[in-house]
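Colleague: I should be grateful for a close look at a single part of this model. Please set out the geometry together with the criteria behind each term.

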Amino acid sequence: MANFNTHLTVAAIGSGALATVCLATGVVSPNEMVMLTLAGTIGGLLPDIDLDHSSPTKLMFTVLALLIAFFAIFSQADDYAIIELWMLWGFCYAVVRYPLWQFFNEFTAHRGIFHSLLSALFFWFFTTTICYQIFDFQAFLSWLVGSFIFIGFIIHLGLDEWYSVEFNNRRVKRSFGTAMKLWDYKRRNNSLMMAGAVLVLYLMTPDNSEFFRVWGDSATYGHIGARFFPEGMWFASF
Ligand SMILES: [Zn+2]
C-alpha cells in the first residue's frame, strides 16, 4: 500500500500531464486545465477516504470541503449578495467537513467498497452531475472533470496494487488483489447499494455525446500526436 505522499505526488503528476495534453489540444482553457489537474489529484486521494481517523484523511476532507465551498460560490457569485455568499460558503464547508466526514468515518470499512472500480465510476458520475447541475458547467466540461476524478482514482488503485507486489513481497498473497477490485466481494450488500447509486447517478448526468465524440475521434489523437514533439528546434520560442 502506497502512502499518502506517494498517492498525492503520482496523481498530481499523472493528471497534470494529461491536463497539459488537453490544453495543448485546445480542448480546455488554462483555467480549466488547473481544475482538471486538481480533480485528478483529488481522485488520487479519494479511495482512501474511509481510512479511519488518520490525519491525511481529515486533511483531505478539509481540503475537499474548502474546494466545494469555493466552487459553490464561484458559480453563484453573480446571483447573490456578499452576505449570502458567505453563508453559502459556510454551509457547504460545514456539511462536507462534519456530517459527511462523520458518515465516512462510522459507516465504512477501509478498503471496502470505496476502494473499488465501481466506486471510481460512482465518483466520476457524481462529480459530473455536481459540475453540471450545481456549478453550471457545460456538459462536455462536466464529463471531463468527472473523468479526471476517475483517472486519479484508477492511478491510486493501480499504485496500491503495484506497491503490494513490489515492496511487500512476503505478504503478496495477503494483500494482492485487495487494492484493484471491481467491487467489494466480501460485503455483497454494500456492492449492490453502490451499483444502484452508480446507476441513479448515471441517469442524472448530462448529455455525453460530445464527450465521447471528441475522445472517440481519431482526429483528436492525430492532433495530440502532431503537437507532441516540437516541429523545429526544442524550446525555440524561448
Ligand atoms: Zn489506497
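In which hand of crossing does α1 pass α2?

Modeller: The crossing in which α1 passes α2 is right-handed (the near helix is turned clockwise from the far one by less than a right angle; anticlockwise would be left-handed). This is a predicted model, in which local features need pLDDT of at least 70 and side-chain atom pairs count only at pLDDT 80 or more, while totals for chains, interfaces and linings use all residues. Residues are numbered from 1 along each chain as its sequence is written, and side-chain values use heavy atoms, with hydrogens and water left out.

Two packed helices are described by the angle between their axes and the distance between the axes. Here the axes of helix α1 (residues 4–24) and helix α2 (residues 30–43) come within 8 Å and cross at roughly 150°. Axes are lines fitted to C-alpha atoms, for helices over the stretch in contact, with angles running from 0 to 180 degrees between N-to-C directions. The helices themselves are DSSP runs (H or I, at least four residues), numbered from the N terminus. α1 and α2 are therefore roughly antiparallel to each other, a term applied to angles over 145 degrees.

The contact, meaning heavy atoms within 4.5 Å, draws on both helices. From α1 come Leu8, Ala11, Ala12, Ser15, Gly16, Ala19, Thr20, Cys22 and Leu23. From α2 come Pro30, Met33, Leu36, Thr37, Gly40 and Thr41.

For context, I add the metal site. Asp48 (OD), His115 (NE2), His156 (NE2) and Asp160 (OD) coordinate the zinc ion at 2.0 to 2.4 Å; donors are N, O and S atoms within 2.8 Å of the metal (3.2 Å for Na, K and Ca), and sites may look incomplete because water is not among the atoms. The spacing of these donor residues in sequence is D-x66-H-x40-H-x3-D. His115 lies in the loop between α4 (82–107) and α5 (117–133) and His156 in helix α6 (residues 139–166), so the pair ties together parts that are 41 residues apart in sequence. His115 is buried, at 0% relative accessibility, and His156 is also buried, with a relative accessible area of 1%; buried means under 20% relative accessible area, with a 1.4 Å probe and protein chains only.

Note on methods:
Helix = DSSP H or I, 4+ residues; strand = E, 2+ residues; numbered from the N terminus. Buried < 20%, exposed > 50% of the residue type's maximum accessible area, 1.4 Å probe, protein only. Parallel < 35°, antiparallel > 145°, perpendicular 65-115°, else oblique.
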